[in-house]
Amino acid sequence: MAETKTQSFAFPEKKRTESDDLDGDNLITVKKQMLSSSSTWEDPAAALAAARHEFGEHGGVNMSIEASATFTVMEPETLSRMFAGELGPDRDFFIYSRHFNPTVLNLSRQMAALEGTEAAYCTSSGMAAISSVLLRLVSSGDHVVASTALYGGTHALMTHFLPRACNITTTFVDLDDLEAVRNAIVHDRTKVLYFESIANPTLKVANIPELCRIAHDKGVKVVVDNTFAPMVVSPARLGVDVVVHSISKFISGGADIIAGAVCGPASLVNSMMDLHQGPLMILGPTMNAKVAFELSERIPHLGLRMKEHCHRALVFATRMKKLGLKVIYPGLEDHPQHTLLKSFANKDYGYGGLVCVDMETEERANRLMHYLQNSTQFGFMAVSLGYYETLLSCSGSSTSSEMNTQEKELAGISPGLVRISVGYIGTLEQKWSQLEKALSRMQESGSLNKY
């Protein structure tokens, strides 16, 4: 019975009644309902459409926001039962919003549907999601194997913070070398293999099915950051144990919210919320209920947005390549992992909304970005991604600046790598004209001669 209770906490399905304070529960029924719903998973859009819709308190088509920090009960004995783990969110019993909150749980259900996982829970940032998962799965003295190509903040967490504060070490390997990955796993010490589905910023695509086989053969959990590829790739369907997101990016789409998510087994999510040693509960990277409401209203049209991001990215990448630029995009047939991504990407969502152009030097990269923003208004020089406007950054001197020169070389990050998060504002031809004009001015200045 304890197993069933744990698995259902992340999925409240039945509203509390007056007798529930003292009565038994139907946790097995709850679990079956959720499993039945998740079994309709065909692709992310179908899964989201099949997920439970939460109505408002007075019948509104949108859910109500539960902004309370603390929650009341009908009987004094109920509090002790809640703290003992006998009653929980599965029956609509809530203690405190640093633990579980109904509005955040609703967004979490949507994230679980999106990723095809049993459960999910949302956090105050993507880095909160990443660090909380690692602190749950890895203990002092343990070891992580990770890709050399990672977001700079994640790389810094593994290189500096975890060894100093937690005695957790990481070995970074090139994921293309599967034998090196296998050899890096240390028996009884390595607990997690960590990588990004599409790497930031190099756009290398991980061989998710094969990496999962290698890790699972050695008893190692696989954690994948899918921030670059929501809707495009479904890592859990390829064998991944835990999927993390920075919801701040494509899922939010507005560059106005910082948020994250952990998607995986319900047992993991609930253990991360354990009152005594769960990292989400103890460390408190809590998502605000009002933020959760905002995000829950954006997820239903994520598929439409991703298709347009990806479509424009492919068009721009194809045209820039024809002009002779050094373009990196998984949708191009000459990308080293194009066939791999095509083999497991969800149909009709494209190959991702980011394109990289290697200008080889930081000076040329900066000049291109200057023209794109200040001369032709193609996009904004800003970090982050997934915004409706196009965002431009030179990764080596910005989002990957936490890495030293050697680490950037191992990750394949050129000093002149310009990361372009392709937006969808304006018409495609209007934006291409702006991009073309900026390239023409670069050529006039002599910066594109070698191309």
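In which loop is the place of P201?

**Figure 1. Close-up of the cis peptide bond at P201.** In this predicted model, P201 is placed in the loop between strand β4 and helix α9, the latter spanning residues 208–217. The peptide bond that leads from N200 to P201 is cis, and its omega angle is near 0°. As a general background, most peptide bonds are trans.

**Figure 2. Surroundings of T190 in strand β4.** Strand β4 covers residues 190–196, and T190 belongs to this strand. With a relative accessibility of 5%, T190 counts as buried, because the limit for a buried residue is under 20%. The side chains of T190 and H143 are joined by a polar contact of 2.7 Å. In addition, the side chain of T190 reaches the backbone nitrogen of V186, at 2.7 Å. When neighbours within four places in sequence are left aside, the contacts of T190 are H143, V145, A184, I185 and V220.

**Figure 3. The stacked rings of F316 and W432.** Five aromatic pairs are found in a search of the whole structure. In the pair formed by F316 and W432, the ring centres are 6.1 Å apart and the planes meet at 25°, so the pair is stacked. F316 lies in helix α13 (residues 302–322) and W432 lies in helix α17 (residues 428–444); the pair therefore ties together parts that are 116 residues apart in sequence. Both F316 and W432 are buried. Ring pairs also bring in F378, so that F316, F378 and W432 are linked into a cluster.

**Figure 4. K307 over the ring of Y349.** This view shows a lysine and an aromatic ring. K307 lies over the face of Y349, at a distance of 5.1 Å from the ring centre.

**Figure 5. Helix α12 and its cap.** Helix α12 consists of residues 289–298, and its buried residues are A289, A292, F293, L295, S296 and R298. The elements that cover these buried residues include helix α13 and α5 (102–115). At the N-terminal end of α12, N288 acts as a cap: one of its side-chain oxygens lies 2.7 Å from the backbone nitrogen of K290.

**Figure 6. The second largest pocket.** The volume of the second largest pocket is about 440 Å³. Its lining is made up of 23 residues, and those that lie nearest the centre are Y151, S246, S248, K249 and S384. Helix α6 (residues 126–137) supplies the largest share of this lining, namely three residues.

**Figure 7. Positive phi angles at A255 and Q377.** Most residues other than glycine have a negative phi. A255, however, has a positive phi, near 55°. A255 is located in the loop between strands β6 (242–246) and β7 (260–264). A255 is exposed, because its relative accessible area of 52% is over 50%. Q377 likewise has a positive phi, near 60°, and is found in the loop between α15 (362–375) and β10 (380–381).

**Figure 8. The protein as a setting for the close-up views.** The protein contains 17 helices and twelve strands. Of its 451 residues, 54% are buried. Among contacts between residues at least 6 apart in sequence, 73% join residues at least 24 apart.

Notes
Residues numbered from 1 in each chain as written. Predicted model: local features only at pLDDT ≥ 70, side-chain atom pairs only at ≥ 80, totals over all residues. Heavy atoms only, no water. Helix = DSSP H or I, 4+ residues; strand = E, 2+ residues; numbered from the N terminus. Buried < 20%, exposed > 50% of the residue type's maximum accessible area, 1.4 Å probe, protein only. Polar contact = N/O pair within 3.5 Å; in protein donor to acceptor, adjacent residues only side chain to side chain. Contact = heavy atoms within 4.5 Å. Phe/Tyr/Trp six-rings, centres within 6.5 Å; stacked < 30°, edge-to-face > 60°. Lys NZ or Arg CZ within 6 Å of the ring centre and 35° of its normal. 1 Å grid on protein atoms, 1.4 Å probe; cavity = no way out; pocket = protein on both sides within 12 Å on 5 of 7 lines; lining within 4 Å. Points joined across faces, edges and corners; volume = space filled by probe spheres on them.
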